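These are my notebook entries on one protein structure. I set down what I looked up, in the order in which I looked it up.

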Amino acid sequence: MIKARIIKLISNRYTVLTEDNQTMIATAMGKLRLGKSPVAGDEVSIEYLEDRWVIQKVLERRNELVRPLIANVDQAVILTSMINPDFSTVLLDRLIFLISYAHIEPVIVVSKCDLVSDDHPAYKDIEEYRKAGYKVFTTGKGWDTSEIESVFEGKISVLTGQSGAGKSSLINRMNPDFTLNTQEISMALGRGKHTTRHVELHPVAKGWVADTPGFSSLDFSTLSKDELAWDILDFKPYLGKCKFRNCIHDNEPGCAVKEAVLRNEVSRVRYQNYLDVLQLIDQGRKLG
Ligand SMILES: Nc1nc2c(ncn2[C@@H]2O[C@H](COP(=O)(O)OP(=O)(O)OP(=O)(O)O)[C@@H](O)[C@H]2O)c(=O)[nH]1
Ligand SMILES: [Mg+2]
Ligand SMILES: [Zn+2]
């Protein structure tokens, strides 16, 4: 048996990279697919059986994201564009919450800055993210990518964000050898939106970067309202200081988070987006 990492998955065809950097195609044993299906990023044991490589075992995961479906990532880079589609703190915060909840560090990259003026209102929001301690980078067509490349070095990263935000374009810009399909191409071929269709890890900027398909909706139904706040960076300095130990920072009296919002120490926008997600969690429960 040899150890390998899944770098690409299309139906039951897994591309894996072995410890000595060889790429092989493997299939999953039927018994595996019934339980925990192997996903991109998984560390697996593979074995040569009869005439093919077979995944025998999925090693324990360090973390896993559901959307995109990927395991064992060091960080999630959220790509969000200034325009086309428009910058939205609602969407960005929802992604930050989901990623943080999975115990993965979010890094924000704002794309298409070449298409807006320097006084675009989104720059104010960007400053608030920085103030709260998030890593935020800005980029645009033709911009130097060396600063962003350093973020990816030596790590397994997942690139996530709305369809059309520019995920595949950013990978192409960082690695000129790549020609991942981007929306110009799929529009020309009449394929419309959602250009990237599967999760794949690419060797980029001395690290591994998963290009993923953009999404149109997010699912909060599996989150716990009691646990959500603990992983939100903005709230961390105030957690454990509320009057009630099980405070979810909604309507409880003596809530340290809410008081920090009133003192403008925590972004009102982030707090409102948090309250909205609490409601989404409730709605998911009711629907489920
Ligand atoms: N001007 C400008 N255009 C960009 C930038 N990044 C991406 N684009 C354009 O935006 C469109 C969408 O880019 P893609 O890279 O296909 O977006 P994606 O996030 O990979 O989309 P999906 O694969 O559908 O999720 C393409 O037409 C790109 O050329 C940028 O920084 N500046
Ligand atoms: Mg893409
Ligand atoms: Zn509280």
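**Entry 1: helix 2.** I note at the outset that the model is predicted. I began with the length of helix 2. At 1.5 Å a residue, its 13 residues should span 18 Å, and I found the end C-alpha atoms 18 Å apart, so the expected and the computed span agree. I then asked how many residues of helix 2 are buried. The count is 10 of 13, so I recorded the helix as mostly covered, given that buried means under 20% relative accessible area. The buried residues that I listed for helix 2 are T89, L92, D93, L95, I96, F97, L98, I99, S100 and Y101. I added a general remark beside this list: an α-helix has 3.6 residues a turn, so residues three or four places apart point the same way.

**Entry 2: the loop before helix 2.** I next looked at P85, which is placed in the loop between strand 8 (75–81) and helix 2 (89–101). Is the peptide bond from N84 to P85 cis or trans? I found it to be cis, with an omega near -5 degrees.

**Entry 3: two residues with positive phi.** I looked up N21 and found a positive phi of about 65 degrees, although N21 is not a glycine. N21 belongs to the loop between strand 2 (13–18) and strand 3 (23–28). Its relative accessibility is 56%, and I therefore entered N21 as exposed, the limit being over 50%. H249 is likewise not a glycine, and its phi is positive at about 65 degrees. I located H249 in the loop between helix 7 (225–228) and helix 8 (256–262). Is H249 buried or exposed? With a relative accessible area of 3%, H249 is buried.

**Entry 4: helix 5.** I turned to helix 5 and counted six of its eight residues as buried, so that this helix is mostly covered. The buried ones are K167, S168, L170, I171, N172 and M174. Against which elements do they pack? I noted strand 8, strand 9 (105–111), helix 4 (146–152), strand 11 (156–160), strand 12 and strand 13 (207–211).

**Entry 5: N172 and F178.** From helix 5 I chose N172 for a further check. Its relative accessible area is 16%, which makes N172 buried. Leaving out residues up to four places away in sequence, I found N172 in contact with F178, T179, L180 and T182. I then moved to F178, which sits in the loop between helix 5 (167–174) and helix 6. F178 counts as buried at 19% relative accessibility, because the limit is under 20%. With the residues up to four places away again left out, F178 touches I171, N172, H202, P203 and V204. I also looked up the separation of F178 and S267: they are 89 residues apart in sequence, and their C-alpha atoms are 39 Å apart in space.

**Entry 6: V199.** I found V199 in the loop between helix 6 (183–188) and strand 12 (200–204). V199 has a relative accessible area of 12% and is therefore buried. How far apart are V199 and V39 in sequence and in space? I recorded 160 residues in sequence and 8.9 Å from C-alpha to C-alpha. I listed the residues that V199 touches, not counting those up to four places away in sequence: I7, K8, L9, A40, P68, L69, I70, A210, D211, T212 and P213.

**Entry 7: the whole protein.** I closed with the overall figures. I counted nine helices and 13 strands in the secondary structure. For 288 residues, a compact globule would have a radius of gyration near 19 Å; the protein has 20 Å, and I noted that this agrees. The C-alpha trace spans about 65 × 45 × 35 Å along its principal axes. Of the 288 residues, 50% count as buried. Among contacts with a separation of 6 or more, I found that 64% join residues 24 or more positions apart. The protein exposes about 14,800 Å², and carbon and sulfur atoms supply 50% of that area. Last, I looked up the charges: the mean positions of the 37 positive and 38 negative charges are 4 Å apart.

Notes. Residues numbered from 1 in each chain as written. Chains lettered and ligands numbered in written order. Predicted model: local features only at pLDDT ≥ 70, side-chain atom pairs only at ≥ 80, totals over all residues. Heavy atoms only, no water. Helix = DSSP H or I, 4+ residues; strand = E, 2+ residues; numbered from the N terminus. Rg over C-alpha atoms; globule rule 2.2 N^0.38 Å. Buried < 20%, exposed > 50% of the residue type's maximum accessible area, 1.4 Å probe, protein only. Contact = heavy atoms within 4.5 Å. Areas by Shrake-Rupley, 256 points an atom, 1.4 Å probe, with all protein chains shown as cover. Lys, Arg positive; Asp, Glu negative; His and termini not counted. Charge placed at Lys NZ, Arg CZ, Asp CG, Glu CD. Expected span 1.5 Å × (residues − 1).
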